[in-house]
Amino acid sequence: MNELKKSIMVSLWFMFLTFPLMVIRVNTIENTVIWRWENMALIGIGSFVLSFVWRWAMRRKEAGDAVAASGEKKSGKLAELANNPALTNSFRAFFLVVFLVTPWLVTTYQTNILISFLLYVVLGLGLNIIVGVAGLLFLGHAAFYAIGAYSYALLNQYFGLGFWVALPLGGVIAALAGIALAFPVLRLRGDYLAIVTLGFGEIVRLVLENWSDLTGGPSGISNIPRPGLFDAKLSVADANIYIYYIVLALAIITIIAVTRLKDSRIGRALQALREDEIACEAMGIDRVGVKVMAFGLGTAWAGFAGVIFAAKTTFINPASFTFFESAIILSIVVLGGMGSNLGVILGSAFLVLLPEYLRAFSEYRMILFASAMVLMMVFRPQGLIPAKGRSYTVDDPELNAANGGRI
């Protein structure tokens with residue numbers, strides 16, 4: 001009953017605050033006042049419902065936090081479904097079929113949106129190796145995205161190399177740049193590492209803007225060729241579909257590679273580095289080698305994505321690789337859940353697809369988007385899909401009694 005009273009007071013307060021703006025309308029031409037009482041009713045009902053739902057959600061969150069603090073593990077239906085291999089494989093097969101047939105059922109504009117979504121999936125998964133798996137705060141991912149894009153553009157312009165030759169070279173060049181950046185920052189962590197990587201991203205952008213003789217400066221590089229298909233001449237729509245399947249294949253390869261990496265010896269070393277750098281080194285893990293490997297592996301995928309981006313747009317300039325791009329990619333990783341591959345995919349959908357499909361609500365799109373972000377930070381601060389830790393069974397009777405035999 002007390003919660004109901006609070007919600008009623010909130011709705012009355014909002015009706016009072018919005019009364020001059022939403023109810024009273026003055027017609028200066030006819031010198032009349034229009035009273036829009038229906039707006040007041042809508043505001044009252046809406047604020048009452050939102051306040052009541054918010055309080056209910058906060059109570060649920062507090063109850064969940066209390067259960068987590070007590071150490072009880074409660075597996076819901078979603079967790080049970082996720083642990084069902086047959087069902088999981090069926091969902092994977094279904095979504096694969098959907099993505100394979102989608103470009104033939106939608107417009108060229110929709111295909112371009114899906115290409116951008118898949119590119120951000122690749123970028124997010126690459127950054128997830130550095131931020132989510134290795135635990136290194138990295139704010140310069142757009143620089144390596146730019147290195148991959150300019151590698152293809154310059155190799156084609158000066159040496160005549162095609163897309164398929166430039167694609168692996170772009171990844172290798174970006175990885176070498178990542179390794180070169182790793183050595184000076186080996187002793188840095190946290191905010192200091194973030195500042196250095198942010199500075200590196202700005203250095204790359206400024207070099208691309210000012211080295212006009214090589215990169216074209218702010219004017220960029222145009223007429224970058226799209227990937228060819230056995231010397232066949234493709235229309236713009238067909239070329240977009242072809243690029244869509246290329247980036248889809250790259251996204252699938254990236255998902256498989258990053259998943260295998262996390263479960264490999266290298267992935268375990270990266271996760272050990274994330275948890276405790278001193279203990280990691282004390283256990284005999286080469287801290288320098290692991291950090292360099294994390295930078296090289298994470299930035300390589302940004303290089304691959306940059307090559308495909310240059311081929312898709314046929315024009316690039318430094319304005320496409322600002323800090324905002326790095327912030328978006330980092331937001332995808334954090335929002336989806338650091339260390340979680342599925343979370344990165346959902347985060348990409350949330351930050352790339354959702355704003356596009358909210359264009360129907362163009363006047364309120366940013367309000368809806370910001371509200372969704374605030375709700376996520378309040379109710380899911382660990383991300384949409386938190387990364388799962390692996391547990392191991394032990395034979396110690398004391399541990400079995402205390403922890404159920406799991407560590």
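**Close-ups of a predicted model**

**View 1. Helix α5 crosses helix α14.** In this predicted model, the axes of α5 (residues 108–133) and α14 (residues 323–336) come within 9 Å of one another and cross at roughly 75 degrees. Since crossing angles from 65 to 115 degrees count as roughly perpendicular, that makes α5 roughly perpendicular to α14.

**View 2. Here are the residues where α5 and α14 touch.** On the α5 side, look for Tyr120, Leu123, Gly124, Leu127, Asn128 and Val131. Facing them from α14 are Glu325, Ile328, Ile329, Leu330, Ile332 and Val333. Sorted by class, this contact between α5 and α14 has nine nonpolar residues, plus two polar and one charged.

**View 3. Helix α11 and its buried residues.** Which residues of α11 (residues 265–275) are buried? They are Gly267, Ala269, Leu270, Gln271 and Leu273. And what do they pack against? The buried residues of α11 pack against α5, which also turned up in the first two views, along with α10 (236–262), α12 (277–282) and α13 (287–313).

**View 4. Zooming out to the whole chain.** To put the close-ups in context, the chain has 17 helices and two strands. It runs to 407 residues, and 39% of them count as buried. Take the contacts between residues at least 6 apart in sequence: 73% of these join residues at least 24 apart. As for the outside, the chain exposes about 23,100 Å², with carbon and sulfur atoms supplying 68% of that area.

Terms used
Residues are numbered from 1 along each chain as its sequence is written. This is a predicted model: local features need pLDDT of at least 70, side-chain atom pairs count only at pLDDT 80 or more; totals for chains, interfaces and linings use all residues. Side-chain values use heavy atoms; hydrogens and water are left out. Helices (H or I, at least four residues) and strands (E, at least two) are DSSP runs, numbered from the N terminus. Buried means under 20% relative accessible area, exposed over 50%, partly exposed in between (1.4 Å probe, protein chains only). Contact means heavy atoms within 4.5 Å. Accessible areas come from the Shrake-Rupley method with a 1.4 Å probe; for residues, only the protein chains shown count as cover. Axes are lines fitted to C-alpha atoms, for helices over the stretch in contact, and angles run from 0 to 180 degrees between N-to-C directions. Angles under 35 degrees count as roughly parallel, over 145 as roughly antiparallel, 65 to 115 as roughly perpendicular and the rest as oblique. Ala, Val, Leu, Ile, Met, Phe, Trp, Tyr, Cys and Pro count as nonpolar, Asp, Glu, Lys and Arg as charged, and the others, Gly among them, as polar.
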